[in-house]
Every structure is written in C-alpha cells, then in structure tokens.
Amino acid sequence: MKKMSLRTRVLTGAVAAAALGAGTFGAMSANASTPAAAPATTVKADTAHRNLQQTTHLTLDAATKAAKAALDAAKKENQRVAVSVVDRNGNTILTLRGDGSGPQAYESAEKKAYTAVSWNAPTSELAKRLDQAPNLKDIPGTLFLAGGAPVQVKGAPVAGIGVAGAPSGDLDEKFAQAGAAALAK
C-alpha cells in the first residue's frame with residue numbers, strides 16, 4: 001500500500017469532515033422542520049370543579065353606542081370632549097375624540113375609564129379616597145379625577161367609560177354616566 005503525502009491526508013480529512021458536517025446539519029435541519037407530533041391524549045378542562053370562569057364583555061357596537069351617547073350629551077352643553085371605553089381588563093375598546101377637544105383629553109379619557117373599571121366606582125368617588133391613601137395616584141395608567149364611570153352587570157364591572165375635556169370633572173362624569181345609561185336602554 002502506498003503511503004499518502006501529508007497534503008493528501010489533510011485534504012482527505014477535510015473532505016471527510018465536511019461530508020460528516022453536512023450530513024449532521026442536514027439531519028438537524030430535517031428534524032427542525034418536521035412538526036412535533038400531536039400529543040396522544042387531549043386534556044379537557046374540568047368545568048364541574050370551577051376550573052373555568054365566564055365573564056361578560058361589551059361588544060364593539062355597545063361601546064360605540066355608549067361613547068356616542070356621551071359625546072352627544074357633551075355636545076348638547078357645547079362641550080368639546082374625548083370619550084374612551086375600556087373592557088373589564090382595562091383594554092381600550094375605542095376612544096372618540098370630539099371635534100375641538102384638547103390634546104390632553106384623549107389620554108385623560110382612557111385613564112379615567114381604566115380607573116373606573118379597575119375600582120368599579122366613579123372616579124369622583126375615587127379621588128376622595130386619595131386623602132386616606134395618597135399612593136393610589138401612583139398606580140400606572142390611573143387618573144383620579146372626576147370623569148370616569150364604571151359599567152356594571154349585576155354589580156360587577158364589565159367596562160369603564162371615561163370623558164375628559166370639559167371645564168370641570170363634574171361635567172366629564174355627567175357625560176360618562178350618560179354613556180353608561182345609554183347601555184341600559
């Protein structure tokens with residue numbers, strides 16, 4: 001048998017290593033693209049033992065109806081406001097910025113709605129609580145000014161309506177309550 005030169009041995013080793021690496025990479029790529037097999041059994045929720053909870057949420061149509069009612073109430077009193085409706089979890093369903101409302105109104109309306117649904121109370125009442133618990137105002141996303149009203153079903157909050165932009169929080173809250181009342185009709 002003929003002895004190979006150093007150069008031939010290095011080239012042969014390099015080719016062998018490249019072939020081995022390509023085979024390993026190809027196998028790994030094939031495994032990565034193959035979807036995982038479905039589990040053999042399906043786990044079903046045991047609703048008899050209260051593992052699930054049902055909640056009530058406003059539809060987009062209902063949120064729109066409430067927001068428009070609040071804007072209409074403000075318009076009747078020549079007020080330029082923004083109205084926001086959030087769901088039970090504080091997520092914004094919609095925000096309507098009325099013609100001529102100030103730049104601060106949009107965000108303030110969202111925060112008032114979030115605050116009202118979070119505590120299931122009008123924000124005017126919550127603002128009074130700051131005397132006993134001033135740190136409440138430090139909770140992110142909240143605004144403890146009058147103008148937010150919760151929407152309730154059987155006493156539980158399902159949404160919040162916030163209004164901002166009128167010259168007083170009392171007016172903002174009056175319009176927010178008009179929006180909530182429109183949902184009862």
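**Exercise 1. Locate the partner of the lysine 112 side chain, and say where lysine 112 lies.**

Step 1. A polar atom of the lysine 112 side chain lies 3.2 Å from the backbone oxygen of valine 163. A polar contact is a pair of N or O atoms within 3.5 Å; within protein, one must be able to donate a hydrogen and the other to accept it, and residues adjacent in sequence count only if both atoms are side-chain atoms.

Step 2. The model is predicted: local features need pLDDT of at least 70, side-chain atom pairs pLDDT 80 or more, while totals for chains, interfaces and linings use all residues. Side-chain values use heavy atoms, without hydrogens and water, and residues are numbered from 1 along each chain as its sequence is written.

Step 3. Lysine 112 sits in helix H3 (residues 105-119). Helices (H or I, at least four residues) and strands (E, at least two) are DSSP runs, numbered from the N terminus.

Step 4. Lysine 112 is buried, at 4% relative accessible area. Buried means under 20%, exposed over 50%, partly exposed in between (1.4 Å probe, protein chains only).

**Exercise 2. Test the length of helix H2 (residues 60-76).**

Step 1. The expected span is 1.5 Å times one less than the number of residues.

Step 2. For 17 residues, this gives 24 Å. The end C-alpha atoms are 24 Å apart, which agrees.

Step 3. After H2 comes asparagine 78, with a positive phi near 55 degrees.

**Exercise 3. Give the strand order of the open sheet.**

Step 1. The order is E2-E1-E4-E3, with antiparallel pairing. Two strands pair if DSSP finds at least two bridges between them.

Step 2. E2 and E3 (148-153) are the edge strands, each pairing on one side only.
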